[in-house]
Amino acid sequence: MAHPPYNYHDIGTAGENLVAQWLESQGWRILHRRWRYRQGEIDIIAQKDELGEKDIGTKKFSASSSPFPILVFVEVKTRSPGNWDVGGRSAIALKKQTTICRTAQMFLAHYPDKADYSCRFDVAIVCCQQKSKELAAVTLTQQAIASSSVGGHLLTLQEYIPAAFDTV
């Protein structure tokens, strides 16, 4: 049985879905997906009301520094193996960081009740491969944070980088 063809947009959405599901499993509440303002877009905006020990160690905040919840602005990069931009890491250049920061500022201006929250900019790297018998054998040996199967493709959350960049 042939799988329906998936295009670039579908794969990107599937990668974002995987990351959103993983964040929810980690106790985050998804506030918005693909939040847009003028020329900027933020893939996922999530909130966590209580800090866990894993969250306390980041350089952007600590449990004692703020009684407010935390917002994360997540950029998701879904790529095939061996792509030109190192799994999407190279695509988070200074210009992209600036756009994300400006869009986050607009989000906070639209939601002034969240303006005092601690904020963080995270990056999620998702690998997308077409399914095959060979892939099934290889995938079992690779470490993945989370995975899902969509339209004949295997998506794996390979890396989640908290506080990947500071505001610029």
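This note walks through the predicted model above, point by point.

1. **How far to trust it.** Let's begin with confidence, since this is a predicted model. The mean pLDDT of the protein chain is 80, and 73% of its residues reach 70 or more. Please take care with residues 52-64, where pLDDT stays under 50. For that stretch the model has 24 contacts beyond four places in sequence.

2. **The overall plan.** What does the secondary structure of the protein chain come to? There are four helices and six strands. If you trace the protein chain along its sequence, the pattern reads α-β-β-α-β-α-β-α-β-β. Of its 168 residues, 45% count as buried. Now take the contacts between residues at least 6 apart in sequence: 66% of them join residues at least 24 apart.

3. **The sheet.** The six strands form an open sheet with mixed pairing, and their order is β1-β2-β3-β4-β6-β5. Which strands sit at the edges? They are β1 (29-37) and β5 (146-150), and each of these pairs on one side only. From one strand to the next, the twist averages 30°.

4. **Strand β6 and its partners.** Have a look at β6 (residues 153-165), which runs antiparallel to β5 and is joined to β5 by five bridges. You can find some of the pairs yourself: S147 stands opposite T156 in β6, and S149 has L154 in β6 as its bridge partner. The hairpin of β5 and β6 has two residues between the strands, and G151 takes a positive phi near 50° there. Strand β6 also runs antiparallel to β4, with nine bridges joining the two. On this side, F121 has F165 in β6 as its bridge partner.

5. **Helix α3 across the sheet.** Helix α3 (residues 94-110) lies across β1, β2 (40-48), β3 (70-79), β4 (118-130) and β6. Its direction is at about 110° to β1. The helix has 17 residues and reaches 24 Å from its first C-alpha to its last, close to the 24 Å expected at 1.5 Å a residue. Which residues of α3 are buried? They are Q97, T98, I100, C101, T103, A104, F107 and L108. Strands β1, β2, β3, β4 and β6 are among the elements that cover these buried residues.

6. **The largest nonpolar core.** A useful general idea first: in soluble globular proteins, nonpolar side chains tend to be buried together. Here, the largest nonpolar core has 21 residues. Those with the most contacts inside this core are V19, L23, I44, V74, L157 and Y160. The elements that give two or more residues to the core are α1 (8-25), β2, β3, β4 and β6. Helix α1 gives the most, with seven residues.

7. **A closer look at I44.** Try selecting I44, one of the residues with the most contacts inside the largest core. What is I44 in contact with, leaving aside its neighbours within four places in sequence? The list is E16, V19, A20, L23, I30, H32, R33, V72, F73, V74 and V76. V19, L23 and V74 also belong to the residues with the most contacts inside that core.

8. **A second core.** There is also a second, separate core of 18 residues, which includes L71, I100, C101 and A104. You have met I100, C101 and A104 already, as buried residues of α3.

Note on methods:
Residues numbered from 1 in each chain as written. Heavy atoms only, no water. pLDDT = per-residue confidence, 0-100. Contact = heavy atoms within 4.5 Å. Pairing = 2+ DSSP bridges. Axes fitted to C-alpha atoms, helices over the stretch in contact; angles between N-to-C directions. Core = buried A, V, L, I, M, F, W, Y, C linked by side-chain atoms within 4.5 Å. Buried < 20%, exposed > 50% of the residue type's maximum accessible area, 1.4 Å probe, protein only. Expected span 1.5 Å × (residues − 1).
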